[in-house]
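Grab a coffee and open the viewer. Here are a couple of exercises to work through, each with a solution.

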Amino acid sequence: IGQYATRTRFFEMKLNGDFLGTYLLMEKIKRDKNRVNIKKLDVNDNEPKLISGGYIIKIDKTTGESSNHGDYNDKISFYSNYDTNGEKDKNKKIYFLYDVPSPESISVGQKNYIQSYIHSFENVLISNNFLDPVTGYRQFIDIQSFVDYFLLNELSHNPDAYRLSTYMHKDRGGKLKMGPIWDYNIAFGNVNYCKGDAVNNWIYKYNDYCPDDFWLVPFWWEKLLEDPYFADKIKSRWLELRTNQLSDKEIFGKIDLLISDLETSGAIKRNYERWPILGQWIWPNSYVGTTYESEVSYLKTWLTQRLTWMDSNIPSL
């Protein structure tokens with residue numbers, strides 16, 4: 001839909017003569033002219049004309065950055081001054097991880113810059129002046145990327161959206177953009193907790209469903225939807241996409257095309273011969289089909305109901 005997302009390919013893997021089944025190969029998210037196309041920020045780029053970009057930051061677990069979940073520290077992260085309700089100095093903190101530049105290569109000045117930028121955005125967003133088109137929150141963020149991120153995660157009802165695997169980036173001289181999108185393995189009705197398989201609610205309200213989770217949704221999205229301008233952008237973008245890239249024809253045609261490729265190559269048959277898991281519950285499945293066809297049917301039925309609900313409820317945002 002016009003935003004960069006990691007390119008993917010199905011493939012079959014054989015390792016040292018052992019057939020390991022069908023996998024999905026995905027690009028890693030990184031700064032690159034063909035991926036997240038932002039300026040390279042060297043450790044010495046601390047002058048005002050250079051320090052504004054580019055950055056990739058994320059809201060996520062610390063896996064891969066430190067050994068224990070929840071072990072956030074000043075080297076790898078900083079945190080919001082507001083909790084998930086937009087209140088100061090409460091326990092439910094939102095942490096931002098440095099991704100590009102990496103924690104090992106980002107300078108103190110660059111840390112201070114990106115922290116100040118996020119804090120300034122949040123301060124204005126929570127203020128009484130947040131609606132002003134010039135001095136309000138719009139001066140800090142790229143609205144289109146926020147709208148697209150919202151729609152893709154709501155369409156898929158992604159329980160990790162907004163609060164985990166959530167990437168943002170900022171180019172030199174540019175505004176903060178949401179994305180690239182990432183981590184949809186428990187989306188599309190594939191999870192049995194926190195209303196994750198529901199078709200008839202908003203996933204940005206995850207905090208209402210699982211208030212005791214350690215990782216919760218920032219106050220940003222509730223607040224943004226209080227702005228009629230932002231809500232109208234979502235409504236008009238949804239109507240636009242439903243006639244093109246997110247039409248029933250395009251969505252279900254894509255599914256059928258992928259299935260056809262996998263069936264023609266024999267990859268589906270070989271995968272389930274290698275891994276006979278059909279009919280078995282695997283965390284956190286909401287639905288367990290006894291055949292590949294029944295799993296596909298569940299996905300299509302879920303998507304049909306989700307699209308219908310979105311069509312009916314987006315106008316009232």
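Before you start: a residue counts as buried when its relative accessible area is under 20%. Keep in mind that the model is predicted.

**Exercise 1.** Work out which way the residues of strand S6 point, and whether they are buried or exposed.

*Solution.*
- Step 1: Find strand S6, which covers residues 166-170.
- Step 2: Recall that side chains in a regular strand alternate between the two faces of the sheet.
- Step 3: Sort the residues: Thr-166, Met-168 and Lys-170 point one way from S6, while Tyr-167 and His-169 point the other way.
- Step 4: Check the cover. All of these residues are buried, so with 5 of its 5 residues buried, S6 is mostly covered.

**Exercise 2.** Find the strands that pair with S6, and say in which sense they do so.

*Solution.*
- Step 1: Take S3 (residues 55-59), which pairs with S6 in the antiparallel sense over 5 bridges. Here Lys-58 sits opposite Tyr-167 of S6.
- Step 2: Now take S7 (residues 176-178). Its pairing with S6 is antiparallel too, over 3 bridges, and His-169 has Lys-177 of S7 opposite.
- Step 3: Look at the link. S6 and S7 make a hairpin with 5 residues between them, and Gly-173 in that turn has a positive phi of about 75 degrees.

**Exercise 3.** Describe the lining of the second largest pocket by class.

*Solution.*
- Step 1: Start with the volume of this pocket, about 260 Å³.
- Step 2: Of the 15 lining residues, Lys-61, Asp-160, Leu-164, Ser-165 and Asp-183 are the closest to its centre.
- Step 3: Sort the lining: 5 nonpolar, 4 polar and 6 charged residues.

Conventions: Residues are numbered from 1 along each chain as its sequence is written. This is a predicted model: local features need pLDDT of at least 70, side-chain atom pairs count only at pLDDT 80 or more; totals for chains, interfaces and linings use all residues. Side-chain values use heavy atoms; hydrogens and water are left out. On a 1 Å grid over the protein atoms alone, a cavity is a set of points where a 1.4 Å probe fits but cannot get out, and a pocket is an open set with protein on both sides within 12 Å along at least five of seven lines; lining residues have an atom within 4 Å of a point. Grid points are joined across faces, edges and corners, and a volume is the space filled by probe spheres set on the points. Ala, Val, Leu, Ile, Met, Phe, Trp, Tyr, Cys and Pro count as nonpolar, Asp, Glu, Lys and Arg as charged, and the others, Gly among them, as polar. Buried means under 20% relative accessible area, exposed over 50%, partly exposed in between (1.4 Å probe, protein chains only). Helices (H or I, at least four residues) and strands (E, at least two) are DSSP runs, numbered from the N terminus. Two strands pair if DSSP finds at least two bridges between them.
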